[in-house]
Amino acid sequence: MGLFRKMKTAPVEKRVSDELKARLQATEKAPFGFAPYNPENAEKSGYSNYSYWGSTFRVFFKNKLAVLLLSVLAVLLVFTFIQPHLPNQYPANLIVNHPITGMQMSNVQPSLTTVKATAPAGTELIVTPYDDPEWSAVSNVLADLKAREKFTVIEYGEDFCKVEYKDLTGYVKNDFSTKLKLAEDPTATPYEARSNFKIKVYSSPADYTLDGDELFVETNYLTIEGDKAVAAQSCDLRILPSTAPFLFGTNSLGQDLWALVWSGTRTSLLIGFVVAMIEAFVGIIVGVLWGYVRKLDRILTEVYNVIDNIPTTIVLILIAYILRPGVGTLIFAMSLTGWVGMARFIRNQIIIIRDRDYNLASRCLGTGTLRVIYRNLLPYLVSVITLRMSLAVPGAIGNEVFITYIGLGLPVSIPSLGNLINAGRKLVSTSQSYQLIFPTLVLSIITISFYIIGNAFADAADPKNHL
Amino acid sequence: MAKYVLKRLLSAILTLTIVLTVVFVLVRQMPIEGYFDNYDKLDAKVIEAKLEKMGLNDPLPVQLLSFFKNLLKGDLGTSARYSVDAPIAGIIAQKAPISAMIGMSSMVLALALGLPLGAAMARSKSKFWDKFGTAFIVFVNAVPAAVYYIYLQSYGAKALNVPMLFDRNNWHTWILPVFSMSLGNIAYYAMWLRRYMVDEMNKDYVKLARAKGVENKKITMRHVFRNAFVPMVQYIPTSLMYTICGSIYIESLYSIPGMGGLLVDVINRQDNPMVQAIVMIYSCIGIIGLLLGDLLMTVIDPRITFAKKEGAR
């Protein structure tokens, strides 16, 4: 065994000693000298097929949740920007008026279509003339009854009572909102009765008006005789022939919440992105100077201590209080302190990495400064920079909500998520709670996505996680 | 040690002076309407006389000097609009204890819930508690507090069958504000405790203890938790101090008559002296809190010396 090993190692030993002899001869000619940088030799020692970005994306795409949220976010972002150019969209600040009554269409509940009710075939409806030949205004109200006016109940029903009033036969609602004064035994018809409130007499036992709004039906669904019409088939009744559906409903002013939410998302994202950009730009420059230029370290550390000691919210409040509210003010106030954190992280990273052995080795091997920065420093900074930038967006959105909440935010004429949430929060426990739910839903999706994607990408971009 | 404390103290005082000066100068740039209760109805002469009396016509450095003189005497000035001519210090002395009580309760709750959550997360890596805790932390950190506070108030009041607004004498009404206020801190404590504990668990002395056969529970309690808690101590004085300020959101949502709601009130009324005073109090508290945090760290963990940071350089 020993002999065998000796046989194998002997040629190697010979080769090594030959090599050493050759080198010794070379160094005798020129003892010390800088080795010129040779990219081929540099690559030989490293991973041959390692690519930083390739590796980063490979690790990132392994995180299923982050990829899912990334696609959701991408769709959402694209959609916010193309939404105003889609057909049938209301301008964000338009107060939508009812085309017939001219009243504001306030607090319309959200719906996917404009269909507000469906009348089954054979329903008797009253037609009020309407200019558009395609459409007829439809309501099945036969007459309005004043409070305490008498009528005769001829058939008793739990929900509707069939009544005779003057020369009409129709139905009145029988619920607590009408408070009908019925006989002791209400089923023993006919008898005289009255209502405590103003009520309506309908042509059929269903209320096809909607909060006093006229409903509309396409004429070709109806067979019309005089002012009466019968639905020839089951037909869709709409509140308005000429308005597009209010997917998210309308607010108390009668503005389309769908348009407002997307317009607000654009504003909030604009603020978020600009703040993130400024934060990255200023933060990286200051951070690199702070970390690399040793003379600046003391001064910048003192400046940092001063700025970091002031609570961010206070700076926000103070700036927003002093300057006029507007997008520019908010961006300015948030950027004023945002870069500090980024600068500190970058400075710390640079100080940690700068003097590490592998950097020293690179420099000794004659690698250029740019290459050291690009190959050795940047991969460690990418993680920090992307994390801070992606967290700056939800942070800015949250700050905007906060500033609006305390009454220093954007004017109502510039819709933003903060504005909408602030307007909606008084309605949280009413039937108009959708005015809070939709903006908060969109906002939560955006902020949570940014947060999770940012963290996942920072993990993926960290070279420590690449091996 | 003494040198470090002195240095840290001096830098805090310097910071405080800079911040107070900046705030003072900035608020002076506001329109002078904010110093009068009924500016529109006042005669130009009366306004001039009052400005003179308040010293607002003096050059800025003179104003600044007299402001600092008054401040050292504990005089924060008088309110202009919120409660006409009342001393601001008096108003704040009335409001701060209420905020502090709620803040303290919420801090206790946050520590009581956040620390066990963080410990449970660190121990059950990628099991239920870790996943639950991570989801909770992501939610609390990513979604603006206003959003979940509003829902918590309205649905919480319905679910618990308690009144929506705060009433000092009815302890039921304390539940929601205290709980809402603690959510952020629960997430904060849980997140950092988990991170520090995981770091600590990978250290050699823990591996040794485990190899020796020390019980898991003992390792967690005696070694990991204690060492992981040290860096978190730094944060506690700041949060304690901030309880005085109250939460702006919570107090105005539940109409709690504390400091946080006060800030919103005086901003809406454009009461310049009061905005200035409250903003200054907030910044002072931030600075003092950080100072105490740093000092407490050195006391608690003798291994930490701040005298020379980054000695490796």
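Here is a short chat about why certain labels apply to parts of this predicted model.

User: Before the labels, what are the ground rules for numbering and confidence?

Analyst: Residues count from 1 along each chain as its sequence is written, while chains are lettered from A and ligands numbered from 1 in the order in which they are written. The model is predicted, so local features need pLDDT of at least 70 and side-chain atom pairs count only at pLDDT 80 or more, whereas totals for chains, interfaces and linings use all residues.

User: How confident is the predictor in chain A, and which elements have the lowest and highest mean pLDDT?

Analyst: pLDDT is the predictor's confidence in each residue, from 0 to 100. Chain A averages 80, and 86% of the residues score at least 70. Among the elements of chain A, helix H2 (residues 39-45) has the lowest mean at 64, and helix H4 (residues 64-82) has the highest at 92.

User: Why is Ile452(A) called buried?

Analyst: The label rests on a count of other C-beta atoms within 10 Å of the residue's own, with C-beta atoms placed from the backbone: 20 or more is buried, 12 or fewer is exposed, and in between is partly exposed. Ile452(A) has 21, so it is buried. You'll find Ile452(A) in helix H12 (residues 434-461) of chain A; helices (H or I, at least four residues) and strands (E, at least two) are DSSP runs, numbered from the N terminus.

User: What does Ile452(A) touch, leaving aside its neighbours within four places in sequence?

Analyst: Ile452(A) is in contact with Leu65(A), Ala66(A), Leu69(A) and, from the other chain, Val138(B). Contact here means that the C-beta atoms, placed from the backbone, lie within 7 Å.

User: And what makes Leu270(A) partly exposed?

Analyst: Leu270(A) has 14 other C-beta atoms within 10 Å, which falls between the two cut-offs, so partly exposed is the label. Leu270(A) belongs to helix H5 (residues 257-292) of chain A.

User: Why do Lys166(A) and Asn161(B) count as exposed?

Analyst: Lys166(A) has 9 C-beta neighbours inside 10 Å and Asn161(B) has 7, so each meets the exposed cut-off. Lys166(A) is in the loop between strand E6 (160-165) and strand E7 (168-173) of chain A, and Asn161(B) is in the loop between H6 and H7 of chain B.

User: What is notable about phi in Lys166(A) and Asn161(B)?

Analyst: Most residues other than glycine have a negative phi. Lys166(A), not a glycine, has a positive phi of about 50°, and Asn161(B), also a residue other than glycine, has a positive phi near 60°.

User: How do you know that strand E5 (residues 150-155) and strand E9 (residues 191-195) of chain A pair?

Analyst: Two strands pair if DSSP finds at least two bridges between them. E5(A) and E9(A) are joined by four bridges, so they pair, and they run antiparallel. One of the partnerships puts Val153(A) with Tyr191(A) in E9(A). Strand E8 (residues 180-181) of chain A is also joined to E9(A), by two bridges and antiparallel, with Lys181(A) partnered by Arg194(A).

User: What is the class make-up of the side of chain B that touches chain A?

Analyst: The contact takes 32 residues from chain B and 32 residues from chain A. H13(B) gives the largest share of chain B's side, seven residues. By class, that side has 22 nonpolar, eight polar and two charged residues. Ala, Val, Leu, Ile, Met, Phe, Trp, Tyr, Cys and Pro count as nonpolar, Asp, Glu, Lys and Arg as charged, and the others, Gly among them, as polar.

Note on methods: Contact = placed C-beta atoms within 7 Å.
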